[in-house]
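Student: I am new to this structure and would like a close look at one part of it, the packing of the helices, together with the spaces in the protein. Please take me through it slowly.

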Amino acid sequence: MMTNRVAVVTGASRGIGNAIAAKLADEGYAIIAVGTSDMEKVAANLQNIRQAGNPFAYAQADVSTDAGRQSIIACALEKFGRIDVLVNNAGVAPKTRMDILETTEESMDRVLGINLKSTFFLSQAVANIMRREVGEIAGIAPKIVNISSISAYTSSTMRAEYCISKAAISMVTQLFADRLADEGINVYEIRPGIINTDMTSVVKEKYDALIANGLTPIKRWGQPVDVANAVSVVCSGMLNFSTGEVINVDGGFHIRRL
Ligand code: NDP
């Protein structure tokens, strides 16, 4: 049995998930990093996870499919034999921003499949492994961490399907937190604001101006490491009497102001 704790981080080939995986690797976790890209294409990105020197594997898998989710779990169990932490981070924006009066069923299915369905069913499958582990591995305190967004409660009518997927992740968090409390598994939602990654690069100038003009009380872009630090805190055990908790990592965006 692996003595390192083991973390599965989806969407770790770049952006926020990559920073989360690197942070947890630095803290001694063995890491299963998940992405859809060929490993060779993202090898340079994965270097910051590998450099911690802890066990590491890359699972090339599509989290929106059952086969993809099963292959991630098989990879974790075959290589490391346990899962202590699941971070449901993989997510996409709509390929094209479309007014809610024009949004297509195809885009809705894609965004909900990758952002929401994956979070629900990967949590379900991993929770069933974790509850077994709680009885078998002394001292284990498994955690599930869902990365949602300020879009869980902020309307953007040009990407309704994204907002809906993130609002639903908030309920997925509540449901699993409720069901898994008795199993010794805590569940958290991290709600990032505007974070500097590929996802936001297409709207960089717009957000530069909004931030400069005071959109967020803390007037800077969030960085992937800001989100990674929050994941580290909930995984640390320092919040073990809190479950279903939301941690805003948004520079204060959520504060109503007058
Ligand atoms: P990026 O676009 O930079 O990275 C997305 C990651 O998800 C990549 O690693 C990608 O891997 C992976 N991914 C996408 N589709 C799939 C799939 N079907 N199966 C497995 N992996 C997949 O996004 P961010 O890092 O910005 O976002 C990460 C999360 O944070 C998302 O859930 C996003 O909604 C959320 N978020 C982001 C904010 C921001 O401002 N950036 C704000 C609030 C929330 P690959 O390229 O290999 O497919």
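Tutor: The crossing of α3 and α4 is right-handed, a term used when the near helix is turned clockwise from the far one by less than a right angle, whereas an anticlockwise turn counts as left-handed. This is a predicted model, in which local features need pLDDT of at least 70 and side-chain atom pairs count only at pLDDT 80 or more, while totals for chains, interfaces and linings use all residues. Residues are numbered from 1 along each chain as its sequence is written, and side-chain values use heavy atoms, with hydrogens and water left out.

Helix α3 covers residues 66-80, and its axis lies 10 Å from that of α4 at an angle of about 35 degrees; axes are lines fitted to C-alpha atoms, for helices over the stretch in contact, and angles run from 0 to 180 degrees between N-to-C directions. Helices here are DSSP runs of H or I with at least four residues, strands are runs of E with at least two, and both are numbered from the N terminus. On the α3 side the contact (heavy atoms within 4.5 Å) is made by Arg69, Ile73 and Leu77, and on the α4 side by Lys117, Ser118, Phe121, Leu122, Ala125, Val126 and Ile129. By class, this contact of α3 with α4 has seven nonpolar, one polar and two charged residues, where Ala, Val, Leu, Ile, Met, Phe, Trp, Tyr, Cys and Pro count as nonpolar, Asp, Glu, Lys and Arg as charged, and the others, Gly among them, as polar.

Helix α4, residues 105-136, also gives the most to the lining of the largest cavity, with three residues. A cavity is a set of points on a 1 Å grid over the protein atoms alone where a 1.4 Å probe fits but cannot get out, a pocket is an open set with protein on both sides within 12 Å along at least five of seven lines, and lining residues have an atom within 4 Å of a point. The largest cavity holds about 40 Å³ of space, and its lining, which includes Ser118 and Leu122, divides into three nonpolar, five polar and no charged residues.

Turning to α1 (residues 15-26), its axis and that of α2 (residues 39-50) come within 7 Å and cross at roughly 30 degrees. The two helices are therefore roughly parallel to each other, the word for angles under 35 degrees, while those over 145 count as roughly antiparallel, 65 to 115 as roughly perpendicular and the rest as oblique. Asn18, Ala21, Ala22 and Ala25 of α1 meet Asn45, Leu46, Asn48 and Ile49 of α2, a contact with five nonpolar, three polar and no charged residues.

Helix α1 packs against α8 (residues 224-235) as well, with the axes 8 Å apart at an angle of about 50 degrees, and that makes α1 oblique to α8. The crossing of α1 and α8 is right-handed. Here Gly15, Ile16, Ala19, Ile20, Lys23 and Leu24 of α1 touch Pro224, Val225, Val227, Ala228, Asn229, Val231 and Ser232 of α8, and by class this contact has nine nonpolar, three polar and one charged residues.

Finally, the largest pocket has about 1,200 Å³ of space, and its lining of 49 residues has Gly91, Val92, Ala93, Tyr162 and Met199 nearest the pocket's centre. Among the elements that give two or more residues to this lining are α1 and α5 (160-180).

Conventions:
Grid points are joined across faces, edges and corners, and a volume is the space filled by probe spheres set on the points.
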